[in-house]
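Trainee: I have a new model open and would like to learn how to read it feature by feature. Can you walk me through it?

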2 protein chains.
Amino acid sequence: MATTIKDIAKRTGVSHSTVSRALGGNTLISEATTSRIRKAAREMGYQPSAAARSLKTNQTKVIGVIVNSIDDPFFSEILFGIEDAAQSAGYSLFIAASQYDPYREQNIVQTMMEQRTDGVIICSSSFSADKGRQLLANGFPVVVVNYKANENFNFSIYHDDLDGSQQLTRHLIELGHSKIAYLGNAKSGRTSLDRLNGFQNEMQNAGFKIRPEFIYEVEGSEPELGEQGLNHFMNCPERPTAIICFNDMLAIGLLHACRQMGIHVPEDLSVTGFDNITFSAYTTPPLTTLDQPKYSIGNEAAQLLLELLATKIQSSNTTHKEKILKGKLLIRHSTAKPSPHS
Amino acid sequence: MATTIKDIAKRTGVSHSTVSRALGGNTLISEATTSRIRKAAREMGYQPSAAARSLKTNQTKVIGVIVNSIDDPFFSEILFGIEDAAQSAGYSLFIAASQYDPYREQNIVQTMMEQRTDGVIICSSSFSADKGRQLLANGFPVVVVNYKANENFNFSIYHDDLDGSQQLTRHLIELGHSKIAYLGNAKSGRTSLDRLNGFQNEMQNAGFKIRPEFIYEVEGSEPELGEQGLNHFMNCPERPTAIICFNDMLAIGLLHACRQMGIHVPEDLSVTGFDNITFSAYTTPPLTTLDQPKYSIGNEAAQLLLELLATKIQSSNTTHKEKILKGKLLIRHSTAKPSPHS
DNA sequence: ATAATTCCTGCACACGTGTGCATAAGGTGT
DNA sequence: ACACCTTATGCACACGTGTGCAGGAATTAT
């Protein structure tokens, strides 16, 4: 059994209250006893019980983080940003992955509530809104990341997907493309929609029409779905000269399929990704993408939550705060002028 | 403030003990009152306090997991396996990343101890042994994964790296290679050493000598270090015809560097990886690698820990249990016969 | 009708920590 | 010597939950 403050009290001949105060740095206790107690605590390998402490203080110093999937390299960088901010404020993370599974989602929400997490960061674009509201209803401060059902949530950090998508589209248009297609991910809801809208806006600005078959969605972001997307576009009566992919994972799969089908990128076809995950620099050719400030996004989200926890203004649910971060275009080698004979 | 069993007791007109028993499914309580209490609990949105419960029962239903870095796609698949096993046994995960940082490591250990995690799984090959011993000394059941300081730990699951490396080497030898080099990762300690040994064993079996400059280590597994490795080998007086990389990440970086230097894989040079992470299937050319059963490794580790928790045999530290899993060779297109004129 | 048995529920304490209040010891002023 | 103030510590209770034990009510046996 682990040593408790009572054990320390017994050994140093004081009451457990004195020990509690001494370890807490309360100046009421004399320096002599304080250092005596601290020494004993060290020798006995004392570790305070988080459970007992939270029970008393009503805070756990733990913040919950909900992501789609730990597999997704995109989230892991966001997690980094969150962890740095949390750690330096003395908070630990409780990470849970929903895996797009409603049963798991419910499970996660329940666990967070039972654990009495001080706050929750939702990074899962597909997380069902009612589960999130459940947390809000139970008084949990919630910050959402890249989650576009903001009608429900007062505190959010997100990336300007509209702008990012426009940057990519503009880049392609400036290269001379007009027959551009969009490969979306139906499971990502508003995020995919925003990127689609950015594309559409910019095409309209340039005076180009988009053929309806040039917009296609697959059910997820696994690379193998990129192949499915490519097949669709290559079977169109008129082929696009460029494809904007919802994210890097899809683009990576699509590039792979291109190679198998003998389509040369970027000579025959330009391809873009979104997010700038590590591996997007190592494809053939290296992927032109939109560098999303993932670390900053996570960091800002955590800071916002910490601020909420410090000021307790979450109760006044009239307040409302959101921050929008912009990414920047990263031109590598998967985009080029369209070939003259296409 | 969240509702407690006392609130429910007040509302249903019974004592809090009765509520506790009713919700716990104790058959001593009559069915009538049990269902009445359950109904009230549901209506009031009751969620038990994990803190209070653990304080009383002395178990948290949480198991800690320590990994090197969440970024590493290798670990995320292991986490999957762990989570599945844990979840179905009613346990939650407390995940922490050491990031190779001793300060963070100490911090993690302390947090695990304060949280009174029921057990710990260490998946970090670089995790310092004394930190692990600290956990053991405090009575934590510990299972280590792919951690080769087993002299200290009684319970471990690991992959047979020696065998895997031999499979890869044999494959190359059967293709006709004899000038084979090994690119290791100094930070991965024993793991890298085992893979090196497998390579050496198999070369010896075939009667081949290894030139000392054909063994080279870099400080990490980031893809960009693959380039450094390639440079080293290409500057050797006699160049290797095949390179065995410590893992896929390094191999991916090395392949990329090959392209930039105009080296054709596999015609000029064969390259192998290790682990079979998702992206290894999408490189150019797709990577020949060793498919490590990551999910199973995680799953078995969790099951072993759960078994320890159930039987409490961890106290009898004479027991000792380990499981070794073998991976299998996955031949893609980054390996081929050596070119005749090299 | 009373005793014995079963069934159900409440009392009281415990887990480890934090904190308001009382109080004892020591010091300073007259 | 006495009242007064400061300093240092202990007492007792609280947080939310679980559980051994006692005891009341209802049922059955005598």
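## Reading a helix, an interface and a few odd angles

Mentor: Let's start with one helix: the buried residues of α11(A) are Asp248(A), Met249(A), Leu250(A), Ala251(A), Ile252(A), Gly253(A), Leu254(A), Leu255(A), His256(A), Ala257(A) and Cys258(A). Keep in mind that this is a predicted model.

Trainee: How many residues of α11(A) are buried, out of how many?

Mentor: Eleven of 14, so α11(A) is mostly covered. The general idea for helices is that there are 3.6 residues a turn, so residues three or four places apart point the same way. In α11(A) the buried residues listed run from Asp248(A) to Cys258(A).

Trainee: What covers the buried residues of α11(A)?

Mentor: The cover includes β6 (180–185), α10 (224–234), β8 (242–245), β9 and β10, which belong to chain A.

Trainee: And how do I check the length of α11(A)?

Mentor: Use 1.5 Å a residue: the 14 residues should span 20 Å, and the end C-alpha atoms are 20 Å apart, which agrees. Just past the helix, Gly262(A) has a positive phi of about 75°.

Trainee: On to the two protein chains. What rotation superposes chain A on chain B?

Mentor: A rotation of 180°, with 0.0 Å of shift along the axis and an RMSD of 0.0 Å. The two copies are thus related as by a two-fold rotation axis. In chain A, Ala51(A) has the C-alpha nearest that axis, at 2.2 Å.

Trainee: Why can I say that the copies meet through the same surface?

Mentor: Because 100% of the interface residues of chain A are also interface residues in chain B. The contact takes 32 residues from chain A and 33 from chain B. On the chain A side, α4, α5 (73–88), β2 (92–97), α6 (102–115) and α11 (248–261) each supply at least two residues. The largest share, five residues, comes from α4(A). By class, that side divides into 16 nonpolar, twelve polar and four charged residues.

Trainee: Now the DNA. Which residues are closest to strand C?

Mentor: Thr4(A), Ser17(A), Val14(B), Ser17(B) and Thr18(B), out of 26 residues that surround DNA strand C. The surface near it takes at least two residues from each of α1 (5–12), α2 (16–24) and α4 (50–57) of chain A, and from each of α2 (16–24) and α4 (50–57) of chain B. Sort that surface by class and you get nine nonpolar, twelve polar and five charged residues.

Trainee: What about DNA strand D: which residues are closest there?

Mentor: Val14(A), Ser17(A), Thr18(A), Thr4(B) and Ser17(B), again from 26 surrounding residues. Here α2 and α4 of chain A, together with α1 (5–12), α2 and α4 of chain B, give two or more residues each. The class counts near DNA strand D are nine nonpolar, twelve polar and five charged.

Trainee: Let's go inside. How many residues does the largest nonpolar core have?

Mentor: The core has 161 residues, and Ile121(B) is one of those with the most contacts inside it. Leaving out residues up to four places away in sequence, Ile121(B) touches Ile63(B), Val65(B), Ile82(B), Val143(B), Val145(B), Ala301(B), Ala302(B) and Leu305(B).

Trainee: Is Ser124(B) buried or exposed?

Mentor: Buried, because Ser124(B) has 28 C-beta neighbours inside 10 Å, and the cut-off is 20 or more. Ser124(B) sits in the loop between β3 (119–122) and α7 (129–137) of chain B. Its contacts beyond four places in sequence are Ile66(B), Val67(B), Asn68(B) and Ser98(B). The C-alpha atoms of Ser124(B) and Val145(B) are separated by 7.5 Å, with their positions 21 residues apart along the chain.

Trainee: Last topic: backbone angles. What should I look for?

Mentor: Most residues other than glycine have a negative phi, and most peptide bonds are trans. Now the exceptions here. Tyr100(B), in the loop between β2 (92–97) and α6 (102–115) of chain B, has a positive phi near 60°. Asn146(B) also has a positive phi, about 50°, and lies in the loop between β4 (142–145) and β5 (155–159) of chain B.

Trainee: How do Tyr100(B) and Asn146(B) count for burial?

Mentor: Tyr100(B) counts as partly exposed, with 14 C-beta neighbours inside 10 Å. Asn146(B) has 25 and counts as buried.

Trainee: Where do I find cis peptide bonds?

Mentor: One runs from Thr284(A) to Pro285(A), with omega near -10°, and Pro285(A) is in the loop between β9 (270–272) and β10 (289–291) of chain A. Another joins Val265(B) and Pro266(B), with omega about 10°; Pro266(B) is in the loop between α11 (248–261) and β9 (270–272) of chain B.

Technical notes:
Residues are numbered from 1 along each chain as its sequence is written. Chains are lettered from A and ligands numbered from 1 in the order in which they are written. This is a predicted model: local features need pLDDT of at least 70, side-chain atom pairs count only at pLDDT 80 or more; totals for chains, interfaces and linings use all residues. A residue is near a molecule or strand if its C-beta atom, placed from the backbone, lies within 6 Å of it. Helices (H or I, at least four residues) and strands (E, at least two) are DSSP runs, numbered from the N terminus. Ala, Val, Leu, Ile, Met, Phe, Trp, Tyr, Cys and Pro count as nonpolar, Asp, Glu, Lys and Arg as charged, and the others, Gly among them, as polar. Copies are superposed by least squares on the C-alpha atoms of residues with pLDDT of at least 70 in both. Two residues are in contact if their C-beta atoms, placed from the backbone, lie within 7 Å. A nonpolar core is a set of buried Ala, Val, Leu, Ile, Met, Phe, Trp, Tyr and Cys residues joined through C-beta atoms within 7 Å. A residue is buried if 20 or more other C-beta atoms lie within 10 Å of its own, exposed if 12 or fewer, and partly exposed in between; C-beta atoms are placed from the backbone. The expected span of a helix is 1.5 Å times one less than its number of residues.
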